[in-house]
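This report describes one protein model for a reader who is new to structural analysis. Please keep the sequence and the structure in view while reading.

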Amino acid sequence: MHPEADISQDNNDPRLTRRGFMRAAVSVGVVGAVGAAGVSAGAPRAWAARPGPGSRYPLFLPGERSPAGLVLTEAPGTADLGGGSMSNVWAYNGSFPGPTLRARSGDRATIQLVNGLQQETITHWHGMLVDDANDGHPRFAVPPGGSYSYAFTINQRACLNWYHPHPHMLTGEQVNLGLAGAFIVNDTQEDGLGLPAGAYEVPLIVRDATLDRGGNLDYQPRNGGFDGKIPLVNGTVNPYLNVDTALYRFRLLNGANARIFGLVLGNGAPFTLIGNDGGLLAAPVSLTRIDLAPAERLDLLVDFRGMPVGTRVMLRDLRAGWDLLEFRVTRQVNVPATIPATLSTIQPLSNPATTRTFSFDGMSRINGRVYDLNRIDFEVPFGQTERWRFTTKGNAPHPVHVHGASFQVQSRTGGRGTVYPWEQGWKDTVLLEDGETVDILIRFAAFPGIYLIHCHKLEHEDMGMMANFKVV
Ligand SMILES: [Cu+2]
């Protein structure tokens, strides 16, 4: 049933990985042989000891795959984070980040997940509207050597989703060590807009990481949330991307365990925001700064037209003061592109039948309760619009994520006291800070079944800040 046979070989032979290809292409005659995992016990690499400016490395772009007939293996592997040496990571199909899955609304996804780790795992398709047998609930975690077969029809609007492990109490470690990838859904409505595509559409998975002295990804969790020492974009340290004088579409995911990024362009130019978690907004918004919490996504246009060849523009994070990704304008082209004045229609939810309040407290509780895999905490009538109110008694930020439906943010009172432009439209994750109350409207109209609400600060999730509910 699953024709792809590349997987186990990929995991064991770095020459067959994309990193291996990249390394072979750029390092001929340089430092000698690089073997398989575990060779990195020598001196720390320059960037491991001294991250920051200095050398920059080409941004890695994961290969694209269809989710039809896909075998997806989670296993230890190695990746070139940029310097030419191999770092130990955990990877989907030997790729860090995992392959970019791309499908159209209406397509069928048939995916066999294979557990090549030494601990249980299961994969969740974050943002995909699927029945609960396909949602990657932790009760479906499979042991080492086990596998899980997914089969679902993609039935939702165009958007950037992503996939990552979701086993109870192990999600933080598995994601942090490298297991995450983009899942792009396209549809005909989006096709009609003529948005930048091909080389002009680039997925960017932004996260933080800590490397050990051997340059390997190192997960040292803290109760308050993993706090990595360096940024990675698509798994690359200090990355750059050569760009043409063209309009680009960046599909950006905050793939960090716990870190919020304050995104700006170093030249002060605006982003044109056209979409977020659940797809396109009603209309583009021009913004110079966007604060993005873990698991939130952005669909951004950046215009390099009119910039002289040789221009360099840095994507920066103002919160940590990090340089994330340098765009290098290297080629003059004349590719026609326009930014549509209107993008999509957002049908507003309204008239909630009830209000439920969720208090995210301490490091591990929702409404006073720690997660129990086998306990259903509440039931939600199928098709009913509800107001859900998120509050906290402290230890925020809590990026609140709901499985099984997208929602619409209605209000934020206290704290920052506003709903930001990147929180319009359809969302599946919303940031709750201390002192804030965030109201959303939500309606489960896809499938009945057992779904999750949880904090997407993965250390909080792993400690139990999560609840099961049942759509009935
Ligand atoms: Cu939290």
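How many bridges join strand 26 to strand 30? Three bridges join the two strands, which run antiparallel. Strands here are DSSP runs of E with at least two residues, helices are DSSP runs of H or I with at least four residues, and both are numbered from the N terminus.

## Basis of the model

The model is predicted; local features need pLDDT of at least 70, side-chain atom pairs count only at pLDDT 80 or more, and totals for chains, interfaces and linings use all residues. Residues are numbered from 1 along each chain as its sequence is written, and side-chain values use heavy atoms, with hydrogens and water left out.

## The chain as a whole

The protein chain contains six helices and 31 strands. Of its 472 residues, 60% are buried. Buried means under 20% relative accessible area, exposed means over 50%, and partly exposed lies in between, with a 1.4 Å probe and protein chains only.

The accessible surface of the protein chain comes to about 17,100 Å², and 52% of it belongs to carbon and sulfur atoms. Such areas come from the Shrake-Rupley method with a 1.4 Å probe, and for residues only the protein chains shown count as cover. Among contacts in the protein chain with a separation of 6 or more, 77% are between residues 24 or more positions apart; a contact means heavy atoms within 4.5 Å.

## The sheet with strands 26 and 30

Strands 26 and 30 belong to an open sheet of five strands, in the order 24-31-30-26-28, with mixed pairing. Strand 24 (376-380) and strand 28 (429-432) stand at the edges; each has a single partner strand, so one side of each is left without a neighbour in the sheet. From one strand to the next, the twist averages 25 degrees. For this angle, axes are lines fitted to C-alpha atoms (for helices over the stretch in contact), and angles run from 0 to 180 degrees between N-to-C directions.

Two strands pair if DSSP finds at least two bridges between them. In the pairing of strand 26 with strand 30, V402 has I453 of strand 30 as its bridge partner.

## The copper site

Which residues are the protein donors of the copper ion? They are H398 through ND1, C455 through SG and H460 through ND1, at 2.0 to 2.1 Å from the ion. Donors are N, O and S atoms within 2.8 Å of the metal (3.2 Å for Na, K and Ca); water is not among the atoms, so sites may look incomplete. The spacing of the donor residues in sequence is H-x56-C-x4-H. H398 in strand 26 (residues 398-402) and C455 in strand 30 (residues 449-455) link distant parts of the chain, being 57 residues apart.

Both H398 and C455 are buried. C455 counts as buried because its relative accessibility is 0%. Another cysteine, C159, also counts as buried, because its relative accessibility is 2%. The structure holds zero disulfides, a disulfide being a pair of cysteine sulfur atoms within 2.5 Å.

## An enclosed strand

Why is strand 15 (residues 261-265) described as largely enclosed by the rest of the structure? Five of its five residues are buried, so strand 15 is largely enclosed. In a regular strand the side chains alternate between the two faces of the sheet. In strand 15, F261, L263 and L265 lie on one side, G262 and V264 lie on the other, and all are buried.

Strand 15 runs antiparallel to strand 18 (residues 290-292), with three bridges between them; G262 stands opposite D291 in strand 18. Strand 15 also runs antiparallel to strand 20 (residues 312-317), again with three bridges, and here L265 stands opposite L315.

## Unusual backbone geometry

Most residues other than glycine have a negative phi, and most peptide bonds are trans. In this model a cis peptide bond joins F96 and P97, with omega about -5 degrees. P97 is in the loop between strand 4 (86-92) and strand 5 (100-104). A cis peptide bond also joins A396 and P397, with omega about 5 degrees, and P397 is in the loop between strand 25 (385-392) and strand 26.

The loop between strand 25 and strand 26 also holds N395, whose phi is positive, near 65 degrees. N395 counts as partly exposed because its relative accessibility is 37%. N238 likewise has a positive phi, of about 45 degrees, and is found in the loop between strand 12 (230-233) and strand 13 (239-244). N238 counts as buried because its relative accessibility is 10%.
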